[in-house]
Structures are given as C-alpha cells and as structure tokens.
Amino acid sequence: MDFKIDPRTLVSNATQPTGDKKTKDLESLRQSCREFETIYVMEMYKAMRKTVPEGGLFEKNVTTEISTEMLDMETAKNTTRGKGLGIAEAMYRQMADLIEKKK
C-alpha cells in the first residue's frame with residue numbers, strides 16, 4: 001500500500017480577507033506563495049531522507065512512512081514560518097505586479 005499525504009490539505013488555513021478585489025487577490029497570492037514554499041521545502045526534506053540508508057532501530061512499514069511524512073510536513077511548516085527561506089517573498093514580489101496592473 002502506498003499512502004501519501006496531500007500537503008495542500010495540511011497547509012491551507014487561509015481565511016478570506018475583507019476588502020476590495022485587489023486586496024483579496026494579493027492576500028490570496030501571498031498565501032499561495034507561502035504554501036508553495038512549504039510544499040517545496042517538504043519535497044526537499046523527502047529527497048534528503050531518501051539519501052539516508054535504510055536500517056536501524058525501527059523496521060520500515062506503513063506506520064513509520066506516514067509518521068515520517070507528517071514529521072517532514074511539520075518541519076517544513078516550521079522552517080517556512082516567519083520569513084522562511086525567502087522563496088515565497090520573491091515569488092510574491094514577482095507576481096504582485098501583475099495583480100497591481102490588472103484593471
């Protein structure tokens with residue numbers, strides 16, 4: 001069995017802000033950029049974990065795979081909290097101009 005956790009369901013805690021359409025769009029863009037950064041970091045952790053040789057104290061089964069993915073997700077959330085790595089902010093600055101210029 002191959003159980004996978006969908007990171008979008010764990011990351012998204014966004015509420016819809018009040019205000020005009022541009023403000024909502026900019027806030028939605030900021031939230032999407034932050035979620036992207038979190039998912040990107042989580043995938044990076046998963047790739048790094050694959051380089052670690054198997055073996056050790058616990059045998060690998062479905063339970064350990066799920067708990068490891070959950071641990072990676074929470075670690076990614078904590079890594080990107082606050083300013084994060086800067087990926088989300090760079091993406092936001094690049095795409096915010098498109099929303100600002102929209103009629």
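**Helix H2 and its partners**

The 30 residues of H2 should span 44 Å at 1.5 Å a residue, and the end C-alpha atoms of H2 lie 43 Å apart, which agrees. This helix, residues 21–50, is a handy guide through the structure, which is a predicted model.

A quick look at the whole protein sets the scene. There are 4 helices and 0 strands, and from the N terminus on the elements run α-α-α-α. Of the 103 residues in the protein, 19% are buried. The accessible surface comes to about 7900 Å², and carbon and sulfur atoms account for 56% of that surface. Among contacts with a separation of 6 or more, 88% are between residues 24 or more positions apart.

Back in H2, the buried residues are Leu26, Leu29, Cys33, Glu35, Glu37, Thr38, Val41, Met42 and Tyr45. It helps to recall that an α-helix has 3.6 residues a turn, so residues three or four places apart point the same way. It also helps to recall that nonpolar side chains tend to be buried together in soluble globular proteins.

The largest nonpolar core has 7 residues, and these are Leu26, Leu29, Cys33, Ala88, Tyr92, Ala96 and Ile99. Both H2 and helix H4 (87–101) supply at least two residues of this core. H4 gives the most, with 4 residues. Beyond its neighbours within four places in sequence, Tyr92 is in contact with Leu26, Leu29, Arg30 and Cys33. The contact partner Arg30 has a further role in the picture, as its charged end sits over the ring of Tyr92, 3.8 Å from the ring centre.

Glu100 gives another view of how the chain is arranged here. This residue is found in helix H4 and is partly exposed, with a relative accessible area of 45%. Leaving out residues up to four places away in sequence, Glu100 touches Lys22 and Leu26. Glu100 and Thr23 are 77 residues apart in sequence, yet their C-alpha atoms are 9.5 Å apart in space.

A second, separate core has 5 residues, including Val41, Met42, Tyr45 and Ala76. Tyr45 lies in helix H2. With a relative accessible area of 18%, Tyr45 is under the 20% limit and therefore counts as buried. Its contacts, not counting residues up to four places away in sequence, are with Asp72, Thr75, Ala76 and Thr79. The C-alpha atoms of Tyr45 and Glu69 are separated by 9.4 Å, although these residues are 24 apart along the chain.

The last feature is a meeting of rings, and the count comes to 1 aromatic pair. The ring centres of Phe36 and Tyr40 are 6.2 Å apart and the ring planes are at 25 degrees, so the pair is stacked; planes under 30 degrees apart count as stacked. Phe36 and Tyr40 are 4 residues apart in helix H2, so about one helical turn separates them. Phe36 has 41% relative accessibility and therefore counts as partly exposed. Tyr40, at 44% relative accessibility, is likewise partly exposed.

Definitions and conventions
Residues are numbered from 1 along each chain as its sequence is written. This is a predicted model: local features need pLDDT of at least 70, side-chain atom pairs count only at pLDDT 80 or more; totals for chains, interfaces and linings use all residues. Side-chain values use heavy atoms; hydrogens and water are left out. Rings of Phe, Tyr and Trp (its six-membered ring) pair if their centres lie within 6.5 Å; planes under 30 degrees apart count as stacked, over 60 as edge-to-face and the rest as tilted. Buried means under 20% relative accessible area, exposed over 50%, partly exposed in between (1.4 Å probe, protein chains only). A charge sits over a ring if NZ of Lys or CZ of Arg is within 6 Å of the ring centre and within 35 degrees of the ring normal. The expected span of a helix is 1.5 Å times one less than its number of residues. A nonpolar core is a set of buried Ala, Val, Leu, Ile, Met, Phe, Trp, Tyr and Cys residues joined through side-chain atoms within 4.5 Å. Contact means heavy atoms within 4.5 Å. Accessible areas come from the Shrake-Rupley method with a 1.4 Å probe; for residues, only the protein chains shown count as cover.
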